[in-house]
Amino acid sequence: SMIRSFFYIVLLILITRTAYAESEPSIQSTTFTDGYTLDIGMFYANSDSNFIATNPKTGGTFPVDFEDELLLAEAQYLPYFEFTFSFNQRHNIYIDWKSLDRKADTETVSQDFILEDIDGKDYLIETGSKLNTSLNIDILRIGYGYDIWQGTNYAVGVSLGLHAMFVETAFKGTIGICVPDSTLCSNSVATPEIIDETITAPLPDIGLYGSYEFYPGWIFDAHAHYFSIKYDDVDGSLVDVRLGVEAKICDNWSLKLAYNYYDVDVTIEKTRNIGNIEQRTFDYNINYSFTGPMFAVSYVF
């Protein structure tokens, strides 16, 4: 799972850094010290997503909305994790992970459509069918930041990162199986769960960040990350702007409250060749956004 992968990466960094610290003399600084920070928080997300399906009568394609047609929740509270490793006074490695897992039952599907090229097969869902749908989206980002300017109570830097989106879709219900490379489908029958898994290539993002301790134990921090790219089968953008305050409650623990504008808009195109003609199949269009407060508990060690 993505949670397991996230913690494996964090553990690997911790082990690597511990081995390095034991073999190298430590760098002394009265202001900045090496350390690790783990944030565990919550935010409220909004999402709008659809996939491309085929009309069994005409052979044309059209979007099916996950929220409007298949009744997945448009908004919900979600967890997030951020891990930062700061070393050699100016260097920072960060990992963050956000997840959107949703599931819903549709008692009566309102239109016929074909799911094309899922695990090499096509499936028919007919009007009136009962359908259980799951859509799980995970966004993992790994990056490096460098503090360009530093003072006794502030730091400003730039970052460069890579992020990937993991999308898993599952359908269960009364689903028909279609003849490959045609629109001929059998009568709808109960089938095992249909699962489609898609991973985007690592996509780059650039950013700016800063922090300012305006009162002992109280820090204002901000960051902005951005990317916009069309590469291979992915066309998308990310904007992440956050302004927040961190309050230290004891030596290792802090509380963080921030206002965040976060928007990911990604189209993932899937195609296959039929008779030397490239045909679009199970495309995704996903908009994953959040504008509002975020709350987190932070531990430094």
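A salt bridge is defined here as a side-chain nitrogen of Lys or Arg within 4 Å of a carboxyl oxygen of Asp or Glu. The structure is a predicted model, in which local features need pLDDT of at least 70 and side-chain atom pairs count only at pLDDT 80 or more, while totals for chains, interfaces and linings use all residues. Residues are numbered from 1 along each chain as its sequence is written, and side-chain values use heavy atoms, with hydrogens and water left out.

By the salt-bridge rule, the model contains seven such contacts. Three of them are tabulated below, including the pair Arg102 and Glu67.

| Pair | Closest N to O distance |
|---|---|
| Arg102 and Glu67 | 2.7 Å |
| Asp96 and Arg141 | 3.0 Å |
| Glu107 and Lys130 | 3.9 Å |

The salt bridge between Arg102 and Glu67 links distant parts of the chain: Arg102 lies in strand S4 (residues 91-106), and Glu67 lies in the loop between strands S2 (61-65) and S3 (75-87), 35 residues apart. Strands are DSSP runs of E with at least two residues, numbered from the N terminus. Arg102 and Glu67 are both buried, a class that means under 20% relative accessible area with a 1.4 Å probe and protein chains only; exposed means over 50%, and partly exposed lies in between.

Asp96 and Arg141 also form a salt bridge. This pair connects strand S4, which holds Asp96, with strand S7 (residues 131-150), which holds Arg141, across 45 residues. Asp96 is buried at 6% relative accessible area, and Arg141 is buried at 3%.

For the salt bridge of Glu107 with Lys130, the partners are 23 residues apart, with Glu107 in the loop between S4 and strand S5 (113-118) and Lys130 in the loop between strand S6 (121-125) and S7. Lys130 is partly exposed, at 44% relative accessibility. Shared partners join Asp96, Arg141 and Asp240 into one salt-bridge network.

Technical notes
Helix = DSSP H or I, 4+ residues; strand = E, 2+ residues; numbered from the N terminus.
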